[in-house]
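Please look over the structure shown here before reading on. The text below goes through selected side-chain contacts and one area of the surface.

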Amino acid sequence: MAAKSDGIAAVSVLPESPAPSPAVKRYSLPDCCWTLAALLVFFSDGASDLWLAADYYLRRDYWWFALTLVFIVVPSVVVQALSFRWFAYDYAEEDGGGGGAAAAAAVVAAAGAESHLLGGKGAEQRGAGAAARSSGGGGRTCCRACVWLFQSLVHILQLAQVWRYVHALYLGVQSRWRGDHSYWRMMFESADISMLRLLETFLKSAPQLVLQLSIIVQTSQVLPLQGLSASASLVSLAWMVASYQKALRDSRDDKLPMSYKAVVVQMLWHLFTVGARTMAFALFVSIFQLYFGIFIVAHWCAMTFWIIQGETDFCMSKWEEIIYNMMVGIMYVFCWFSVREGPTRCRLLLYSLIVLAENVALTAAWYLYRGPRTSDFYAVVVVCVVACSYALGTFFMFVYYCLLHPDGPVSAGNLGCCLEEARAVSEPCPSSAVSVPPPDVVSSPPRTLQRTKGGAEQEAGGEGADVFQVRPPAGLRTPAPRLTPKTEGPVIRIDLPRKQYPAWDAHFIDRRLRKTILVLEAASPVTPRIQYRCLGTPKEVMEYETTV
């Protein structure tokens with residue numbers, strides 16, 4: 001059986017014979033503590049900024065008060081609008097905008113009638129119940145109105161991040177202790193809050209940190225609230241970069257998860273490198289405000305062009321991809337952020353050398369053109385702080401890559417990054433690390449590859465035909481059946497090529513696919529697995545394209 005997610009992809013529910021299931025990541029006590037610590041970081045960053053803005057107002061420093069408040073309010077409104085847009089789509093009526101979910105419910109109901117697909121009578125009842133729920137009912141109107149009102153109040157009060165953190169914590173505990181079907185809901189919520197917080201930190205915490213450090217340099221004194229606000233912003237930046245990478249790796253079963261030791265070391269890496277970077281910015285902007293603006297725009301344009309030239313594949317449309325590349329260009333102003341598949345040592349080395357040269361130039365310009373009130377001893381101390389901070393960050397970067405990287409330590413024998421990158425691109429189906437058989441794990445195809453098939457062609461293929469079909473050569477019409485490892489529970493096969501890491505999988509980005517998967521999960525007796533279409537060999541790719 002197959003169902004389309006609003007014309008994006010076909011979703012097939014495949015039967016599996018009972019067998020010992022592989023190890024699946026479960027919510028643990030460290031995960032719970034990490035979420036609670038993330039809430040603490042969020043509150044400390046926002047509260048310290050608001051407290052400092054109020055202090056500026058009471059001191060009659062209205063210009064600093066206005067700038068501080070702008071960097072608090074504007075990013076928060078942007079994040080709340082994006083979060084509410086996601087909620088509005090996810091919670092929309094199925095008959096209005098969730099055709100993919102309704103189609104999935106119909107498929108589950110039909111699959112439930114065939115006990116071999118979803119496990120018998122219980123699955124049949126679940127499938128019928130999902131189909132009945134998707135059709136809606138008048139008795140739920142009041143409940144839905146209350147949910148809309150509650151979410152509206154949460155977003156108006158700028159607390160969407162808090163609600164999503166609490167909801168992710170609840171879903172994690174529920175999936176761990178009660179065994180309910182909330183695994184994919186938990187993963188989707190964790191992905192959403194990671195994306196939102198990463199966007200917020202680079203729109204709010206990064207410019208706020210530069211602003212407060214520049215004020216400290218100009219006044220040659222450090223107020224307690226200024227130090228608290230700058231420290232909270234710096235910790236929030238480093239925390240979210242490391243937390244985002246962990247959430248991304250946890251979401252992909254073709255990558256090994258990141259341990260919390262590796263997350264802490266990566267956080268220290270970004271803490272010291274971003275600290276040195278923002279300190280160099282603050283020193284330069286305290287003397288050359290106009291030239292600093294020109295430098296930031298030039299660096300952002302160069303980094304954005306570099307990212308676009310790399311042909312990233314994060315989003316589902318071309319314009320979303322361009323906007324995403326522009327946002328990553330802002331991140332590249334402050335720190336490194338991997339956006340391409342394959343070993344990153346060459347790109348990271350080039351970026352680190354560029355940032356080091358810029359930091360040296362900015363700090364040297366401040367040292368040479370500083371005001372007469374700044375003593376030589378104070379200037380030398382500041383320059384040493386910038387240099388030592390960057391050196392510490394580089395040290396933790398080497399510790400992460402040499403000792404704690406999830407894919408294994410970097411040795412002297414595999415420093416040929418260009419050869420490894422070429423090899424990584426040529427492998428179309430890398431092996432999965434957890435539970436997905438190698439033939440179903442896939443690298444990204446050319447962007448021109450069609451992802452759906454017309455309705456007439458689908459009807460010609462039969463009721464249960466896949467959207468994409470590969471026609472075997474004439475002499476190989478009856479190939480031997482392919483043996484794949486069996487696991488317990490159904491498999492949701494998505495007829496889309498899998499995106500390459502470090503991109504999120506399509507079912508995390510495309511919210512129509514999400515709604516379909518959640519309906520199928522609710523109808524299944526166990527948590528289903530996700531498999532993507534594999535392109536296989538280059539010969540199969542050519543025939544695959546010509547068949548569409």
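What follows treats salt bridges and then a surface patch in this predicted model.

The count of salt bridges comes to 21. One of them joins the side chains of R511 and D90, with a distance of 2.6 Å from N to O. This pair connects distant parts of the chain: R511 lies in helix 19 (residues 511–523) and D90 in helix 2, 421 residues apart. R511 has a relative accessibility of 10% and so counts as buried, because buried means under 20% relative accessible area. D90, with a relative accessible area of 31%, is partly exposed. The bridge thus has one buried partner, R511, and one partly exposed partner, D90.

R511 and D90 also belong to a network of salt bridges. The residues linked in that network are D90, R164, E189, D192, R511 and R514.

Another salt bridge is that between R498 and D253, whose closest N and O atoms are 2.8 Å apart. Here again distant parts of the chain are linked, with the two positions 245 residues apart in numbering. R498 sits in the loop between strand 3 (491–497) and helix 18 (506–509), whereas D253 sits in the loop between helix 10 (224–251) and helix 11 (260–285). Are these loop residues buried or exposed? R498 is buried, with a relative accessible area of 3%. D253 has a relative accessible area of 19% and is buried as well, because the cut-off for this class is under 20%.

R512 and D510 form a further salt bridge, in which the closest N and O atoms are 3.4 Å apart. In this pair the arginine, R512, is partly exposed at a relative accessible area of 28%. Its partner D510 is buried, with a relative accessible area of 5%.

The surface patch is made of valines. V70, V73, V74, V77 and V78 form this nonpolar patch, and together they have about 370 Å² of accessible area. V77, one of these residues, is found in helix 2 (residues 62–90), the helix that also holds D90 of the bridge to R511. The relative accessible area of V77 is 43%, so this valine is partly exposed. It can be part of the patch because patch residues have over 30% relative accessible area and no salt bridge.

Methods. Residues are numbered from 1 along each chain as its sequence is written. This is a predicted model: local features need pLDDT of at least 70, side-chain atom pairs count only at pLDDT 80 or more; totals for chains, interfaces and linings use all residues. Side-chain values use heavy atoms; hydrogens and water are left out. Patches are made of residues with over 30% relative accessible area and no salt bridge: like charges are joined within 9 Å, nonpolar side chains (Val, Leu, Ile, Met, Phe, Trp, Tyr) within 5 Å. Accessible areas come from the Shrake-Rupley method with a 1.4 Å probe; for residues, only the protein chains shown count as cover. A salt bridge is a side-chain nitrogen of Lys or Arg within 4 Å of a carboxyl oxygen of Asp or Glu. Helices (H or I, at least four residues) and strands (E, at least two) are DSSP runs, numbered from the N terminus. Buried means under 20% relative accessible area, exposed over 50%, partly exposed in between (1.4 Å probe, protein chains only).
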